[in-house]
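Visitor: Hi, I have a new structure open and would like to go through it with you. Could you help me look at a few places, one at a time?

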Amino acid sequence: MENITNKSALEVVEELKCNCISNCIIVGAMNYEYGKVLSAQMNNVLELLPRHSLSTCVSIIDSPLMTSMQLEYLFNLGYTRIGYIHYCGIDISRYPIQVARLMEFYRIMAEKGLPVNKQWVFQCTENCSNIEEGIEQIFASLQAPQVLIVPGYSLKYLYPALKKKGLKIGKDIAIFSCDETDEEFVPEITHITNNPREI
């Protein structure tokens with residue numbers, strides 16, 4: 001396992017061959033060229049977390065059913081106005097899974113004929129320093145969402161930001177976390193695990 005950020009696909013192939021390696025797993029290649037070149041030279045190539053839309057080898061994304069399970073749960077509770085805070089920092093190309101989940105959110109909402117006000121969707125920075133700005137944006141809309149799907153990492157910043165805004169979790173807004181958390185929150189958080197075996 002090696003960080004190949006500054007190596008070309010051909011350099012990677014050469015290094016693997018010199019070490020008599022014929023099977024490889026690619027993690028987070030920034031473009032599909034790595035899969036294309038490696039597939040031509042290796043016996044088996046598996047790409048985890050593809051960052052691009054083209055596929056030249058077998059690829060896998062973890063927990064592909066997570067968003068549909070979240071939304072089904074919320075639909076069953078009667079929620080129709082659903083907002084989404086996603087964690088992509090300032091460079092969304094570094095977070096392919098988060099982007100895939102956000103796109104799945106839009107697709108499912110569209111298939112159900114449910115609108116998603118553009119103000120209801122907000123992108124967090126790495127350290128969630130803009131979370132208060134996000135809350136302002138989300139709740140500035142004429143009709144606010146009933147529930148927010150949020151990244152687990154944001155919870156420790158989100159709870160105080162909502163309190164500062166005078167919003168009560170469980171009364172003014174429901175929260176559904178994309179990740180499990182070991183931290184205690186009051187009210188307790190509803191979450192879905194990120195682990196495919198336990199989803």
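**A walk through the model**

Guide: Let us begin with cysteine 20 in this predicted model: cysteine 20 counts as exposed because its relative accessibility is 72%, and the cut-off for exposed is over 50%.

Visitor: Where does cysteine 20 sit along the chain?

Guide: Cysteine 20 is placed in the loop between H1 and S1, and its phi is near 55 degrees, a positive value in a residue other than glycine.

Visitor: What is usual for phi, then?

Guide: Most residues other than glycine have a negative phi. Cysteine 128 also has a positive phi, of about 55 degrees, although it is not a glycine.

Visitor: And is cysteine 128 buried or exposed?

Guide: Cysteine 128 counts as buried, because its relative accessibility is 3% and buried means under 20%. You will find cysteine 128 in the loop between strand S5 (121–124) and helix H5 (131–139).

Visitor: OK, new topic: how do the side chains point along strand S1?

Guide: They alternate along S1, residues 23–27, with Cys24 and Ile26 pointing to one face, where they are buried, while Asn23, Ile25 and Val27 point to the other face and are not buried.

Visitor: Which strand pairs with S1, and in what sense?

Guide: S1 pairs with strand S2, residues 44–48, in the parallel sense over five bridges, and in S2 the bridge partner of cysteine 24 is valine 45. To get from S1 to S2 the chain crosses through helix H2 (residues 33–41), and this β-α-β crossover is right-handed.

Visitor: How do H1 and H2 cross?

Guide: The axes of H1 (residues 9–18) and H2 come within 9 Å and cross at roughly 35 degrees, and H1 passes H2 in a right-handed crossing. The residues making this contact include Leu10, Val13 and Leu16 of H1, with Tyr34, Val37 and Leu38 among those of H2.

Visitor: What kinds of residues are in that contact?

Guide: The residues in the contact of H1 with H2 divide into eight nonpolar, one polar and two charged.

Visitor: Last one: which residues does the cis peptide bond join?

Guide: The cis peptide bond joins valine 186 and proline 187, with omega about -5 degrees, and proline 187 has its place in the loop between strand S7 (174–177) and S8.

Visitor: And what about isoleucine 192, after S8?

Guide: Isoleucine 192 lies in the segment after strand S8 (190–191) and counts as buried because its relative accessibility is 8%, with the cut-off at under 20%. The C-alpha atoms of isoleucine 192 and aspartate 179 are separated by 5.7 Å, although these residues are 13 residues apart along the chain.

How values were computed: Residues numbered from 1 in each chain as written. Predicted model: local features only at pLDDT ≥ 70, side-chain atom pairs only at ≥ 80, totals over all residues. Heavy atoms only, no water. Buried < 20%, exposed > 50% of the residue type's maximum accessible area, 1.4 Å probe, protein only. Helix = DSSP H or I, 4+ residues; strand = E, 2+ residues; numbered from the N terminus. Pairing = 2+ DSSP bridges. Right-handed = clockwise from strand over helix to strand, strands pointing away. Axes fitted to C-alpha atoms, helices over the stretch in contact; angles between N-to-C directions. Left-handed = near helix turned anticlockwise from the far one by under 90°. Contact = heavy atoms within 4.5 Å. Nonpolar A, V, L, I, M, F, W, Y, C, P; charged D, E, K, R; others polar.
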